Amino acid sequence: MSNVVIVGAQWGDEGKGKIVDLFTSWADVVVRYQGGANAGHTLVVGGTKTVLHLVPSGVLHPGKKCLIGNGVVIDPEALMTEIDLLKSRGLLADPHQLVVSENAHVILPYHKAIDAGREKKEAIGTTGRGIGPCYEDKVARRGVRVRDLLRPEALRKKLESRLEEANAQIKALKGESLELEPLLKTALAHGERVAPYVGDVSEVLSHEVSRGRAVLFEGAQGTLLDIDHGTYPYVTSSNTVAGYAAVGAGLGPTAIDGVIGITKAYTTRVGNGPLPTELNDATGEKLRTIGAEFGATTGRPRRCGWLDALVLRYAARVNGLSGLAITKLDVLTGFEKLQIAVAYKLPNGKTVSEFPSDPELLAEAVPVYEEMPGWKEHLVDLREYDELPANARRYVERVEQLVGVESIAVSVGAERGQTIVRKNPFRHS
């Protein structure tokens, strides 16, 4: 059996949750390997909508093993809220179904206070949920990990050491200082609740792989939000690309057999930063309205634009994509003409067909479009690729040509079953 990484091929919000949920049918284990509660995966199963921020999307399949790796930063309050919701729906009845890495770092109230204060001072477009400051503490070797929530004395020492400096930062950002004892009490209470799920994810995962179990690695955000490879500084605070799946889960890279990139049939982005194909007009508003383009975590309206082939080619390169899953093709129904960006005109007069690494050039890039005919037929009830309208197939196949990667799935609606699966990613042939 194969081990497959699912990554966002744009700026996030591509519909990864739905595809992960669908592909979990063929997987035995699902691993979340980076990010935090700033990512929201929306799933619709049997008419019921579920938004998950930390627990892997595969949890909606009873009995599937779900792991949260060391590369994730965990807000324990958010985690327990999700667990309580899932248990109320009859899921996660067995606590052994979910394992949370003891080495994952913990988001604490001072991380959120610092994050929110910085965003007020200079807007980057963060969710204010403490993700960046928590990763900063991790890199600075002063972080609190999940294992520390289970050791009162060790936790006290860590909080005493960190809180003085954290409060100075909060004060400089015009926020209110935090007190040690209430913070310690709350953190330990969270530790008690999380304790049944804590374990060595690397060891569990290695054991599962050695048994020949199929593993699906679930990423958060998208390629263009990667801290190294994204549109810096308008990025998230972790590595979102496929290569980090091994690091964030505690497994060697040779165990990964394939990488599936998820892309919408158009482009969206939440927050600040360049978006070359953005449509600040009636067409952009139409995409937003039909596609219900509002953030699952923040509710913020997403910026919308035509599909950008340069972005997808770049994502294919830095992730090593072996397949594409195209979501929300149904949203394009009713558009008389469709556009795909195939090149950029840069302010220096050059026209380029590859994504530029210079963010200043990208901010001023003007897309060169290729026009394609649209279709009027509704897609939601179609389950075979050949049933798609001819122009819809032409659109999908043109995307494949421009990106150089085959499409293995096409989503035509929000429900789990409203997806045309052209190839099982866990089969080699």
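This is a short tour of a predicted model, with selections to make in the viewer at each stop.

**Stop 1: a buried loop residue**

Select Thr24, which sits in the loop between helix 1 (16-23) and strand 2 (29-32). Is Thr24 buried or exposed? Its relative accessibility is 0%, so Thr24 counts as buried, the cut-off for that class being under 20%. Now add Val30, Gly58, His61, Lys64 and Leu216 to the selection; Thr24 is in contact with these residues when neighbours within four places in sequence are left aside.

**Stop 2: helix 2 and helix 6**

Two packed helices are described by the angle between their axes and the distance between the axes. Select residues 76-88, which form helix 2, and residues 180-194, which form helix 6. Their axes are 10 Å apart, and the packing angle is about 35°. The crossing of this pair is left-handed. Which residues of helix 2 and helix 6 meet? From helix 2, show Pro76, Glu77, Leu79, Met80 and Asp84; from helix 6, show His190, Arg193 and Val194. By class, the residues of this contact are four nonpolar, one polar and three charged.

**Stop 3: helix 10 and helix 12**

Move on to helix 10 (residues 309-319) and helix 12 (residues 390-403), whose axes cross at roughly 55° and come within 9 Å. Helix 10 and helix 12 are therefore oblique to each other. Their crossing is right-handed. On the helix 10 side, select Ala309, Leu312, Arg313 and Ala316; they meet Val399, Leu402 and Val403 of helix 12. The contact of helix 10 with helix 12 has six nonpolar residues, no polar ones and one charged.

**Stop 4: the nonpolar cores**

In soluble globular proteins, nonpolar side chains tend to be buried together. The largest nonpolar core in this model has 56 residues. To find its best-connected members, select Leu205, Phe217, Leu329, Leu388, Tyr395 and Val399, which touch the most other members. Helix 12 supplies the largest share of this core, with six residues. Val399 was also part of the previous stop, where it appeared in the contact with helix 10.

Centre the view on Leu388. What does Leu388 touch, not counting residues up to four places away in sequence? The list is Leu329, Leu379, Leu382, Arg393, Val412 and Ile420.

To finish, select Ile68, Ile83, Leu91 and Leu108. These residues are among the 38 that make up a second, separate core.

Methods
Residues are numbered from 1 along each chain as its sequence is written. This is a predicted model: local features need pLDDT of at least 70, side-chain atom pairs count only at pLDDT 80 or more; totals for chains, interfaces and linings use all residues. Side-chain values use heavy atoms; hydrogens and water are left out. Axes are lines fitted to C-alpha atoms, for helices over the stretch in contact, and angles run from 0 to 180 degrees between N-to-C directions. Helices (H or I, at least four residues) and strands (E, at least two) are DSSP runs, numbered from the N terminus. A crossing is left-handed if the near helix is turned anticlockwise from the far one by less than a right angle, and right-handed if clockwise. Contact means heavy atoms within 4.5 Å. Ala, Val, Leu, Ile, Met, Phe, Trp, Tyr, Cys and Pro count as nonpolar, Asp, Glu, Lys and Arg as charged, and the others, Gly among them, as polar. Angles under 35 degrees count as roughly parallel, over 145 as roughly antiparallel, 65 to 115 as roughly perpendicular and the rest as oblique. A nonpolar core is a set of buried Ala, Val, Leu, Ile, Met, Phe, Trp, Tyr and Cys residues joined through side-chain atoms within 4.5 Å. Buried means under 20% relative accessible area, exposed over 50%, partly exposed in between (1.4 Å probe, protein chains only).
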